[in-house]
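Trainee: Could we go through this model together?
Mentor: Certainly; please bring it up.

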Amino acid sequence: MTYGDGVADVDIRALLDTHRKNGTVATLTGVRPTSRFGELKLENDRVASFHEKESIEDVWINGGIYVANARSILNHLPEKGDIEKETFPKLVGSGELMAYPYRGFWSLIDSIKDIQEVETEFKSRAARPN
């Protein structure tokens, strides 16, 4: 399963292998996001440093790519609502949600700017020799 607002080069076989090895109801892909904003370090209100859109190294987020046991997950899906607010917290509580930590390429494509940045990344990758 995946949401339609992200792009990634996740190795689906590795994700599936991780899910099968863990034997839980579901496995989500955890990613380390890039900040959507530049970061300021302030000293007495003076900007001491400015870093544009760096990786947030101490945070993992839901990358929106999941694998689930088809029969088991049906018992956990809400009639109304969404899986992030209803299903995942219940699976966490029962120890049935694992993560596949992924450190490769992942990006949201929520805006025209996001799409343009991803297109630039893909063109850059295509231009590199294998």
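Trainee: How much area does the protein chain expose, and what share do carbon and sulfur atoms supply?
Mentor: The protein chain of this predicted model exposes about 9,300 Å², and carbon and sulfur atoms supply 52% of it. Such areas come from the Shrake-Rupley method with a 1.4 Å probe.

Trainee: What did the model have to satisfy?
Mentor: Local features need pLDDT of at least 70 and side-chain atom pairs count only at pLDDT 80 or more, whereas totals for chains, interfaces and linings use all residues. Residues are numbered from 1 along each chain as its sequence is written, and side-chain values use heavy atoms, with hydrogens and water left out.

Trainee: How many helices and strands does the protein chain have?
Mentor: There are four helices and seven strands, counted as DSSP runs (helices H or I, at least four residues; strands E, at least two) numbered from the N terminus.

Trainee: And what pattern do they follow along the sequence?
Mentor: The order is β-α-β-β-β-β-α-α-β-β-α.

Trainee: What share of the residues is buried?
Mentor: Of the 130 residues, 25% are buried, meaning under 20% relative accessible area (1.4 Å probe, protein chains only).

Trainee: Switching to H19: where is it found?
Mentor: H19 belongs to helix α1, residues 12-22. With a relative accessible area of 9%, H19 is buried.

Trainee: Which residues does H19 touch?
Mentor: Leaving aside residues up to four places away in sequence, H19 touches T24, V25, A26, T27, V67, A68 and N69; contact means heavy atoms within 4.5 Å.

Definitions and conventions. Buried means under 20% relative accessible area, exposed over 50%, partly exposed in between (1.4 Å probe, protein chains only).
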